[in-house]
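Trainee: I would like to take a close look at a single part of this model, namely the charged side chains and what they meet. Could you walk me through them slowly, in one connected account?

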Amino acid sequence: MACSVYILGATGLAKADILASDPFCLVYWRDELVHRTAVQPKTLEPVWDEQVELASEAALAACGLEGELRVEIWDHDETAGDSESDFLGCARVEYDYDGEAHAGFVRVPLTEKPGLAAEVAITG
């Protein structure tokens with residue numbers, strides 16, 4: 001069994017452009033970039049519903065699964081590219097796989113941007 005996370009969506013994001021934002025996520029596992037979601041144009045309530053595999057069955061057997069999952073939310077700037085994207089917030093989840101199959105849903109507040117929240121579902 002592999003361990004995956006589902007990046008569902010976010011609510012209440014700040015406007016980075018005139019009317020809305022064009023949010024996307026960068027997903028990090030143990031400080032390594034493992035996924036970049038699609039850009040959701042012109043919304044403050046993006047829905048990504050994307051699955052990210054963190055570790056295979058072999059990796060779980062070899063070294064277990066413990067670490068920090070970090071989901072950064074950025075506003076995509078079409079004219080300047082990702083290097084000029086605006087930071088919208090970051091959600092962090094400490095995860096420790098105990099050998100049991102679990103399914104759960106975690107609603108994680110964004111740090112650096114109080115009052116906003118990202119939704120992350122964790123299965124494994």
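Mentor: What follows goes from the chain as a whole to its charged side chains, and then to a pair of rings.

Please keep in mind throughout that this is a predicted model. The secondary structure of the chain comes to one helix and eight strands, and if you read from the N terminus, the order of the elements is β-β-β-β-α-β-β-β-β. The chain has 124 residues, of which 42% count as buried. Among the contacts with a separation of 6 or more, 59% are made by residues 24 or more positions apart, and some of the pairs below will give you examples of partners that are distant in sequence.

Let us begin with the salt bridges, of which the structure holds three. In one of them, the side chains of Asp31 and Arg70 meet with 2.9 Å from N to O. This pair links distant parts of the chain, since Asp31 is in the loop between strand E2 (23–29) and strand E3 (32–36), while Arg70 is in strand E5, 39 residues apart. The surroundings of the two partners deserve attention: Asp31 counts as exposed because its relative accessibility is 62%, over the 50% cut-off, whereas Arg70 has a relative accessible area of 11% and is therefore buried, the cut-off being under 20%.

Arg70 also forms a salt bridge with Glu72, where the closest N and O atoms are 3.1 Å apart. Glu72 has a relative accessible area of 12%, so this residue is buried. Salt bridges that share partners thus join Asp31, Arg70 and Glu72 into one network. Arg70 has a further neighbour to consider, for it lies over the face of Tyr28, at 4.1 Å from the ring centre.

A further salt bridge is formed by Glu68 and Arg92, with their closest N and O atoms 3.3 Å apart. Because Glu68 lies in strand E5 and Arg92 in strand E6, this pair ties together parts that are 24 residues apart in sequence. Glu68 is partly exposed, with a relative accessible area of 22%, and Arg92 is likewise partly exposed, at 39%.

Now compare this with a charged residue that has no such partner. Glu50, found in strand E4 (residues 47–55), is buried yet has no salt bridge. Why does Arg36 not count as a salt-bridge partner of Glu50? A salt bridge needs a side-chain nitrogen within 4 Å of a carboxyl oxygen, and Arg36, the nearest side chain of opposite charge, is 8.4 Å away, so the pair does not qualify. The side chain of Glu50 does make a polar contact, at 2.7 Å, with the side chain of His35. Leaving aside residues up to four places away in sequence, Glu50 touches Val5, Tyr6, Ile7, His35, Arg36, Thr37 and Ala38. Arg36, for its part, lies over the face of Phe24, at 4.1 Å from the ring centre.

Finally, we come to the rings, where the structure holds one aromatic pair. Trp74 and Phe87 form this pair in an edge-to-face arrangement, 5.2 Å centre to centre and with 70° between the planes. Here, too, distant parts of the chain are linked, with Trp74 in strand E5 (residues 66–75) and Phe87 in strand E6 (residues 86–96), 13 residues apart. Phe87 counts as partly exposed, at 26% relative accessibility.

Terms used:
Residues numbered from 1 in each chain as written. Predicted model: local features only at pLDDT ≥ 70, side-chain atom pairs only at ≥ 80, totals over all residues. Heavy atoms only, no water. Helix = DSSP H or I, 4+ residues; strand = E, 2+ residues; numbered from the N terminus. Buried < 20%, exposed > 50% of the residue type's maximum accessible area, 1.4 Å probe, protein only. Lys, Arg positive; Asp, Glu negative; His and termini not counted. Polar contact = N/O pair within 3.5 Å; in protein donor to acceptor, adjacent residues only side chain to side chain. Contact = heavy atoms within 4.5 Å. Phe/Tyr/Trp six-rings, centres within 6.5 Å; stacked < 30°, edge-to-face > 60°. Lys NZ or Arg CZ within 6 Å of the ring centre and 35° of its normal.
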